[in-house]
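User: Hi! I have a model open here and would like to talk it through with you. Could you take a look with me?

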Amino acid sequence: MDLSVISPVYNEEESVVLLHQAVTDALSPLDLEWELVLVNDGSTDGSQKQLDLLAEKDPTHVRVVEFRRNFGQTTAISAGIDYSQGKIIVLIDADLQNDPADIPMMLAKLDEGYDVVSGWRVNRQDTFITRTLPSHIANGLISRVTGVHLHDYGCTLKAYRREVITGFRLYGEMHRFIPVYAKEVGADIVEVPVHHHPRRFGKAKYGLERTLKVVLDLFTVKFFNSFSSKPIYLFGGLGLALILAAFIVLLFLIGLRIFAGEHMIRSPLLILCVMLVIMGFQSILQGLIAELLMRTYHESQHKLTYTVRKTINIEEKEKAD
Ligand code: UDP
Ligand code: MG
């Protein structure tokens, strides 16, 4: 299998058939073996019915994974990756805001040697105040913090070589950080302008709160990426610095006692000194706890983050671990 196009579906009954059509139109001229993996993220409308029909109509290309409940877009994407076969993975929204017609151009970029081709919604068609503006701010922040410089992390439409995106679990709002993880393993990333359309059917599922979640996830990503092996270096270093500061204050107090004859015991600096030592040890302990959590985190990587009701056109054994 050359290519897997993966799309999370949550209450998109009017869109999925059009999505399948548009993906087919875009890919059939290419000489590629491809599949469209549609993950129904607990839709409460007629989406599953549409997916059943599609899978029956086009069994060569359409694969369906049905979740037992809504687990969120990122989890749906991660299940899509688990159940897909392609050497190349393209993620795309089901609501046709991303345009499947852009996929061939992105594949051409991969052929040039890039490992990740990230879509950039130059003319983003979402509400400005609650979505576009906050995400501009978040994008600037992510770019600074992660050192992976993209204009539009939130654009779902991205193409990846499978090997640069396997080996980590996605959760929260983290699908937008996939390029950051990919960079960690040495991927070459390029950003290309893509089309973006207003939603034609159904409702957008997010508002301003989403950008706040993205910012909080950014802390986790930064933490896990740069301190993941050794959080004790961060907290422990801070702790040692605090204890050193306490020592310097103590020397200063002793100096005052010897040369100016001041009473150490009456000085507020002595309290500062004691506080610094306590804070220092606390910070070191925090580092140890973080270290412990980190190990638990790594061990729990294999735990299932979603439950599947049924799959169509997927052999159970095909599922990647
Ligand atoms: N989606 C999902 N689970 C959810 C919310 C959304 O699978 O809990 C899917 C949705 O069906 C769509 C994509 O994620 O294919 C993006 O959602 P939406 O269009 O609401 O987000 P926006 O385009 O506004 O960022
Ligand atoms: Mg959308």
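User: Let's start in the middle: which residue stands opposite V117 in strand 6?

Analyst: That would be A159. Strands here are DSSP E runs of at least two residues, helices are H or I runs of at least four, and both are numbered from the N terminus.

User: How many bridges join strand 5 to strand 6, and do they run parallel or antiparallel?

Analyst: Three bridges join strand 5 (residues 116-121) to strand 6 (residues 158-161), and the two run antiparallel. Two strands count as paired if DSSP finds at least two bridges between them.

User: Before I go on, what should I know about the model and its numbering?

Analyst: It is a predicted model, where local features need pLDDT of at least 70 and side-chain atom pairs count only at pLDDT 80 or more, while totals for chains, interfaces and linings use all residues. Residues are numbered from 1 along each chain as its sequence is written, and chains are lettered from A and ligands numbered from 1 in the order in which they are written.

User: What's the average pLDDT?

Analyst: The protein averages 90, and 94% of the residues score at least 70. pLDDT is the predictor's confidence in each residue, from 0 to 100. For the complex, the predictor gives an ipTM of 0.98 and a pTM of 0.80.

User: Back to the sheet. What's the strand order?

Analyst: The order is 7-5-6-4-1-2-3-8, in an open sheet of eight strands with mixed pairing. Strand 7 (189-194) and strand 8 (308-312) are the edge strands, each pairing on one side only.

User: And which strands does helix 2 touch?

Analyst: Helix 2 packs on the sheet and touches strand 1 (3-9), strand 2 (34-40), strand 3 (62-67) and strand 8. Contact here requires C-beta atoms, placed from the backbone, within 7 Å.

User: Now the ligand: which residues come nearest to ligand 1?

Analyst: P8, Y10, D41, A94 and K205 do, of the 17 residues around ligand 1. A residue is near if its C-beta atom, placed from the backbone, lies within 6 Å. Strand 1 and helix 3 (73-83) are the elements that give two or more residues to that shell.

User: Last one: what are the overall dimensions?

Analyst: The C-alpha trace spans about 95 × 40 × 40 Å along its principal axes. The protein's secondary structure comes to nine helices and eight strands.

Methods: Two residues are in contact if their C-beta atoms, placed from the backbone, lie within 7 Å. Axes are lines fitted to C-alpha atoms, for helices over the stretch in contact, and angles run from 0 to 180 degrees between N-to-C directions.
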